[in-house]
Amino acid sequence: MARTDENRRDRERSDVRLDSPKGMRTRVLPTRRRGGRGDTFGRATEGIARGMGTPWFLIGLTLFCVVWMGYNTLAPKPWQFDSAAIGFTALTLVLSLQASYAAPLILLAQNRQDDRDRVQFEQDRQRAERNLADTEYLAREVVALRLAMRDMASKDFIRAELRSLLEELDRRDADDAGYANEPGSSTRG
């Protein structure tokens with residue numbers, strides 16, 4: 001019974017990793033959840049990088065260095081923890097450590113911004129394509145309406161036709177009246 005449970009676990013693990021020998025397939029890191037909070041680290045790195053790019057960060061870092069050097073220069077010798085005689089070695093190490101973390105955080109933030117820019121560019125391109133298609137459709141519709149309007153009778157055309165019909169009716173009435181007044185025609189109705 002224990003062997004079948006072990007085989008089942010091995011099969012489940014084999015679905016996870018195929019690049020390691022059977023029996024050696026274990027996860028070192030826990031799996032990352034795909035959900036709303038999976039991007040917390042990326043947002044945190046952007047926040048830190050954004051904070052490092054402000055004048056307040058530079059002012060704070062400068063004040064930190066001034067306080068550090070002032071304390072280690074003016075404090076009594078037994079209370080000093082970094083010597084000015086050897087060039088503030090501890091301060092140099094602290095600033096180097098800060099810089100070694102700052103560079104990757106800034107790069108991560110830039111990569112995320114590049115990804116957002118790429119997505120925004122694609123959305124802008126799709127929107128521009130839709131706008132172009134809509135504009136072309138509307139242009140075709142306007143042309144079709146213009147062509148249809150040419151085939152339709154205008155006010156002036158209808159008036160001219162009505163005038164010619166009235167003139168024709170007036171001529172007929174005049175002809176009928178002239179025929180009725182001729183001698184020999186009977187006026188009985």
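Start by selecting Asp82, which sits in the loop between helix 3 (55-74) and helix 4 (89-151). Helices here are DSSP runs of H or I with at least four residues, strands are runs of E with at least two, and both are numbered from the N terminus. You are looking at a predicted model, in which local features need pLDDT of at least 70, side-chain atom pairs count only at pLDDT 80 or more, and totals for chains, interfaces and linings use all residues. Residues are numbered from 1 along each chain as its sequence is written, and side-chain values use heavy atoms, with hydrogens and water left out.

**Stop 1: Asp82 and its loop**

Stay on Asp82 for a moment. Which side chain of opposite charge is nearest to Asp82? That is Lys77, 11 Å away; Asp82 is buried yet has no salt bridge. Buried means under 20% relative accessible area, exposed means over 50%, and partly exposed lies in between (1.4 Å probe, protein chains only). A salt bridge is a side-chain nitrogen of Lys or Arg within 4 Å of a carboxyl oxygen of Asp or Glu. For charges, Lys and Arg count as positive and Asp and Glu as negative, while His and the chain ends are not counted. The place of a charge is taken as NZ of Lys, CZ of Arg, CG of Asp or CD of Glu.

Now add Thr89 to the selection. Its backbone nitrogen lies 3.1 Å from a polar atom of the Asp82 side chain.

Next, pick Phe88, also in the loop between helix 3 and helix 4. Its phi is near 50°, a positive value in a residue other than glycine. Phe88 counts as buried because its relative accessibility is 13%.

**Stop 2: the whole chain**

Zoom out and switch to a cartoon view. How many helices and strands are there in the chain? You should find five helices and zero strands, giving the pattern α-α-α-α-α along the sequence. Of the 189 residues, 11% count as buried.

**Stop 3: salt bridges**

Side chains of opposite charge can pair when their charged atoms come close. The structure holds eight salt bridges. Select Asp39 and Arg112, one of these pairs, whose closest N and O atoms are 2.6 Å apart. Asp39 is in the loop between helix 1 (2-16) and helix 2 (40-52) and Arg112 is in helix 4, so this pair ties together parts that are 73 residues apart in sequence. Asp39 is partly exposed, with a relative accessible area of 32%, whereas Arg112 counts as buried at 18%. Add Glu46 and Arg116 to see a network of salt bridges that links them with Asp39 and Arg112.

Now move along helix 4 to Arg125. Arg125 forms a salt bridge with Glu122, with the closest N and O atoms 2.4 Å apart. The salt bridge between Arg125 and Glu129 also has its closest N and O atoms 2.4 Å apart. Why are these partners about one helical turn from Arg125? Glu122 is three residues from Arg125 in helix 4, so about one helical turn separates them. Glu129 is four residues from Arg125 in helix 4, so again the separation is about one helical turn. Each of the three is partly exposed: Glu122 at 31%, Arg125 at 34% and Glu129 at 46%.

**Stop 4: patches on the surface**

Patches are made of residues with over 30% relative accessible area and no salt bridge; like charges are joined within 9 Å, and nonpolar side chains (Val, Leu, Ile, Met, Phe, Trp, Tyr) within 5 Å. Accessible areas come from the Shrake-Rupley method with a 1.4 Å probe, and for residues only the protein chains shown count as cover.

Select Glu167, Asp170, Asp173, Asp175 and Asp176 to see a negative surface patch. Among them, Asp175 belongs to helix 5 (residues 155-180) and is exposed, with a relative accessible area of 54%.

Then select Phe157, Ile158, Leu162 and Leu165, a nonpolar surface patch with about 380 Å² of accessible area together. Leu165 is in helix 5 and counts as partly exposed at 46%.

**Last stop: Gly53**

Finish at Gly53, in the loop between helix 2 and helix 3. Is Gly53 buried or exposed? Gly53 is exposed, with a relative accessible area of 61%. Add Ile106: Gly53 and Ile106 are 53 residues apart in sequence and 9.4 Å apart in space, C-alpha to C-alpha.

Key
Polar contact = N/O pair within 3.5 Å; in protein donor to acceptor, adjacent residues only side chain to side chain.
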